[in-house]
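I opened this structure to note down where its empty spaces lie and which parts of the chain surround them. The entries below follow the order in which I looked things up.

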Amino acid sequence: MSYECFEVSLDGPVAQLRLSRPERRNAMTTAFWRELPQAVRELDARGGVRALVISSSGPHFTAGMDLAVFQDAALGTATVDERARFRAKLEELQQSFDALARARFPVIAAVQGGCIGGGVDLVTACCLRYATRDAYFVIQEINLGMMADVGTFNRLPKQLPEAVVRELGYTGERLSAERAERLGFVNGLFESHAALVAGALEVASRIASKAPVAIAATKRMIAYARDHSVAESFEYLNALQPGVFSIEDIRRSVAVAKGGTTPTYADLPAK
């Protein structure tokens, strides 16, 4: 797999997707929006990838949307046809990050420096977020005269207190990594970029050591429960569990726990 905006690497069942244009502060160009879902779907289709870490290069995670994207003719809204094209383009961008949420494996964001604009949309679509102590998050869109529209306001209110989301969305000011950790948005902090990536990969390795079918089902169940009532989530769980429950995986886990070894599980089926 070769991409303009990313470097992809595999270490057994753990994949790393690295934003690789530090000279542009990893701005989200037109190619970025095309390549991200393609890369994630290709990794998911393998079946053997059990966790993904999204990291970055240079001093900042991402500067957000490349301003050249705003020159796209599809962004006009003066006529009915233009509004229809605008909506289609908006849905295309949203689906790029939906690929992270829809992947069968957990996705971990490793954020250093600035995570700005579209970067916030991206990391809210991830399962876990780790950051360097000097990292920060900015809903930059309000500073550009627009509302964030690629996922921030759809996901962030489920991940931070509403008053905090309003503060960030209205002011466009920075949310420091340390405050984000206190609020539960960031799972852990690291002193350096290298330590951050190593730490995120270590968490991914721990996840990858678990039964892949159970991990994929857990990801789906948590997402469903987030968006539905308790009663509805029980109905969903009771329909989901019979299709994913594996007594073989349970017996294998118990046996190796007694023996002090690492269990071996079958990969998810390739797509």
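**Entry 1: the largest pocket**

I looked up the largest pocket and found 26 residues in its lining, with Ala101, Lys219, Arg220, Ala223 and Arg226 lying nearest its centre. I note at this point that the model I am reading is a predicted one. The elements that each give two or more residues to this lining are helix 2, strand 6 (residues 128-132) and helix 8. Helix 8 supplies the largest share, and I wrote down ten residues for that helix. For the volume of the largest pocket I noted about 900 Å³. When I sorted the lining of this pocket by class, I had 14 nonpolar residues, three polar ones and nine charged ones.

**Entry 2: helix 8**

Since helix 8 gives the largest share of that lining, I turned to the helix itself. Does the distance between its end C-alpha atoms agree with what its 16 residues should span, or disagree? Helix 8 covers residues 212-227, and because a helix is taken at 1.5 Å a residue, the expected span is 22 Å; the end C-alpha atoms are 23 Å apart, which agrees. I then asked which residues of helix 8 are buried. They are Pro212, Ala216, Ala217, Lys219 and Met221, and I marked Lys219 in particular, as that residue is also among those nearest the centre of the largest pocket. The buried residues of helix 8 pack against helix 2 (80-102), strand 4 (107-111) and helix 9.

**Entry 3: the cavities**

Next I asked how many cavities of 30 Å³ or more a search of the whole structure finds. The search gives two. For the largest cavity I recorded a volume of about 50 Å³, and its lining consists of Val120, Phe137, Val138, Ile139, Leu156, Leu160, Leu168, Leu175 and Phe185. By class, these come to nine nonpolar residues, with no polar and no charged ones.

The second largest cavity has a volume of about 30 Å³, and I found it lined by Cys5, Leu19, Ser20, Arg21, Asn26, Ala27 and Phe32. The lining of the second largest cavity divides into four nonpolar residues, two polar and one charged.

**Entry 4: Arg25 and Asn26**

Asn26, from the lining of the second largest cavity, led me to the loop between strand 2 and helix 1, where this residue lies. Arg25 lies in that loop as well, between strand 2 (14-19) and helix 1 (30-46). I reminded myself that most residues other than glycine have a negative phi. Phi of Arg25 is nevertheless near 55°, a positive value, and phi of Asn26 is likewise positive and near 55°. Are these residues buried or exposed, or something in between? Asn26 has a relative accessibility of 2% and so counts as buried, whereas Arg25, at 46%, counts as partly exposed.

**Entry 5: Ser246**

My last entry concerns Ser246, which I located in the loop between helix 9 (230-244) and helix 10 (247-259). Its relative accessible area is 19%, so Ser246 is buried, the cut-off being under 20%. I also asked what the side chain of Ser246 reaches. I found that the side chain of Ser246 reaches the backbone nitrogen of Asp249, at 3.1 Å.

Notes: Residues are numbered from 1 along each chain as its sequence is written. This is a predicted model: local features need pLDDT of at least 70, side-chain atom pairs count only at pLDDT 80 or more; totals for chains, interfaces and linings use all residues. Side-chain values use heavy atoms; hydrogens and water are left out. Helices (H or I, at least four residues) and strands (E, at least two) are DSSP runs, numbered from the N terminus. Buried means under 20% relative accessible area, exposed over 50%, partly exposed in between (1.4 Å probe, protein chains only). A polar contact is a pair of N or O atoms within 3.5 Å; within protein, one must be able to donate a hydrogen and the other to accept it, and residues adjacent in sequence count only if both atoms are side-chain atoms. The expected span of a helix is 1.5 Å times one less than its number of residues. Contact means heavy atoms within 4.5 Å. On a 1 Å grid over the protein atoms alone, a cavity is a set of points where a 1.4 Å probe fits but cannot get out, and a pocket is an open set with protein on both sides within 12 Å along at least five of seven lines; lining residues have an atom within 4 Å of a point. Grid points are joined across faces, edges and corners, and a volume is the space filled by probe spheres set on the points. Ala, Val, Leu, Ile, Met, Phe, Trp, Tyr, Cys and Pro count as nonpolar, Asp, Glu, Lys and Arg as charged, and the others, Gly among them, as polar.
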